[in-house]
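Dear colleague,

I am passing on to you the structure that we discussed. Please find it below, followed by a summary of what was found in it.

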Amino acid sequence: MTDKHGIQANIRGVSVSKPIVTVCGDGQLARMMQPAAAELDIHLRILAGSPDSSAAQVTRDIVVGDYHKYEDLLAAARGADAVTFEHEHVPGEHSAALIDASFNVQPQPSALRYAQDKLDMREKLATLGAPVPRFSAIESVADARAFFDAVAGRVCLKARRGGYDGKGVWFPADADLDELVAELLEAGTPLMAEEKVELTRELSILVARRSSGEAKVWPITQSRQANGICAEAIAPAPDLSPELAERASALGLSIAESLGVTGVLAVELFAFNGEGGEDISVNELAMRPHNTGHWTQDGCVTSQFEQHLRAVLDLPLGAVDALAPVTVMANVLGAAEDPDMPMPQRVREVMEHYPHAKIHLYGKDHRAGRKIGHVNVAGTSLAETRDAAHQAAHFLMHATWA
């Protein structure tokens, strides 16, 4: 097969006549796209930082390179029917250059910028009328001090770019504010600040949209964070009023449409007590499969990973109906110390105790606090389903039952 760039698309000398999707990134999100791609006979290619990374372990076609370098991105894109991402860090100018070279890049940089820069995101969402907390650009200590006073000290300071899993987020006290802002700005960290929300829980809207316009939204998910990392996701969110669920779904669809997102969009929400009951504001956006959507692998007709591939290839989207009254995802993180019991034995123990638990491991070595897998459990009782998911995850982490 010769593609539109005059490149012979072949893998290890074998001609490829199936759709090719290049994923920029080599972590667990790219890894979990591989089974979905195999089932649809989509050829997945990974731009990987190393040949033994999480995604590279399970993917036949890898291009080892640096996503910061355009020539490496170009090498991975050649012959692909779509180029997509498992993180937001590919430089926008490189994505734009690939589009100028007639590659199908999804989501496009015109949308992805709002997941890359938190201030751009806040400003855009505000113009769309989406609910957001008060915010401000921080370019000096004086800016930070003025905003601190305006919100009576309820300040969340954020790096505009690059933060994830609690990194790049600070909650400074009055006495620490000036020194912290001065140090960060001196180090070249672009900053913004927003008013800290007195949240009651965190919710997530997951939307998939294809370039021709079709879009679908999964049931609203409740998540719980621990040390800045998602520890649990419950779908559908418990005790969420039908009115708020409908409003949240409409908000996610509106953002996806307004920004022109192609693929999976995660809209992280803060829930809080408003004047008329529970209300919401937007926390952050992610334009890729998302930790809070892992439950869809085993609790939904179409997983977020399959849906993302469908969307970037502009294929009809799959149904998003839940398969059980409740599904709970519990993350597996590296314990403070790696247990003596080998992971295969821990997996066996969990299988024996919880045969209905679905284990997803990422092929990563132990490191304290690192995401190394997750467990999904679908059931009818929220309490029993949560207990099974957390017991299974706890044993995989510690080799002991909680």
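Please bear in mind throughout that this is a predicted model.

Annotated positions

The UniProt record, an unreviewed entry, lists a "binding site" made up of Lys118, Lys158, Glu194, Glu195, Lys196, Val197, Glu202, Asn283 and Glu284. Two of these positions, lysine 158 and glutamate 194, are described here in detail.

Lysine 158 belongs to strand β8, which covers residues 155–159. With a relative accessible area of 4%, lysine 158 falls under the 20% cut-off and therefore counts as buried. Once neighbours within four places in sequence are set aside, the contacts of lysine 158 include Lys118, Glu194, Asn283 and Glu284, each of which also appears in the UniProt list. Other residues in contact with lysine 158 are Arg122, Gly168, Val169, Trp170, Pro190, Leu191 and Met192. The side chain of lysine 158 also makes a polar contact of 3.1 Å with the side chain of asparagine 283.

Glutamate 194 is located in strand β10, residues 191–195, and is likewise buried, its relative accessible area being 2%. Apart from neighbours within four places in sequence, glutamate 194 touches Lys158 and Asn283, together with Arg122, Pro133, Arg134, Phe135, Phe147, Arg154, Val155 and Cys156.

Helix α5

Helix α5 spans residues 118–128, and its buried residues are Lys118, Leu119, Asp120, Met121, Arg122 and Leu125. Among them, Lys118 is listed by UniProt, while Arg122 is in contact with lysine 158 and with glutamate 194. The buried residues of α5 pack against the helices α4 (109–116) and α8 (242–259), and against the strands β7 (135–138), β8, β10 and β16 (277–286).

Both ends of α5 deserve a remark. At the N-terminal end, aspartate 117 acts as a cap, with a side-chain oxygen 2.9 Å from the backbone nitrogen of leucine 119. Just after the helix, glycine 129 adopts a positive phi of about 80 degrees.

The parallel sheet

An open sheet is formed by 4 strands in the order β5-β4-β3-β6, with parallel pairing. Strands β5 (61–64) and β6 (82–85) are at the edges; each has a single partner strand, so one side of each has no neighbour in the sheet. From one strand to the next, the twist averages 25 degrees. The parallel pairing of β4 (residues 43–48) with β5 extends over 4 bridges, and alanine 48 has valine 64 in β5 as its bridge partner.

Yours sincerely

Definitions and conventions. Residues numbered from 1 in each chain as written. Predicted model: local features only at pLDDT ≥ 70, side-chain atom pairs only at ≥ 80, totals over all residues. Heavy atoms only, no water. UniProt positions renumbered as here; feature names shortened; annotations may be inferred. Helix = DSSP H or I, 4+ residues; strand = E, 2+ residues; numbered from the N terminus. Buried < 20%, exposed > 50% of the residue type's maximum accessible area, 1.4 Å probe, protein only. Contact = heavy atoms within 4.5 Å. Polar contact = N/O pair within 3.5 Å; in protein donor to acceptor, adjacent residues only side chain to side chain. Pairing = 2+ DSSP bridges. Axes fitted to C-alpha atoms, helices over the stretch in contact; angles between N-to-C directions.
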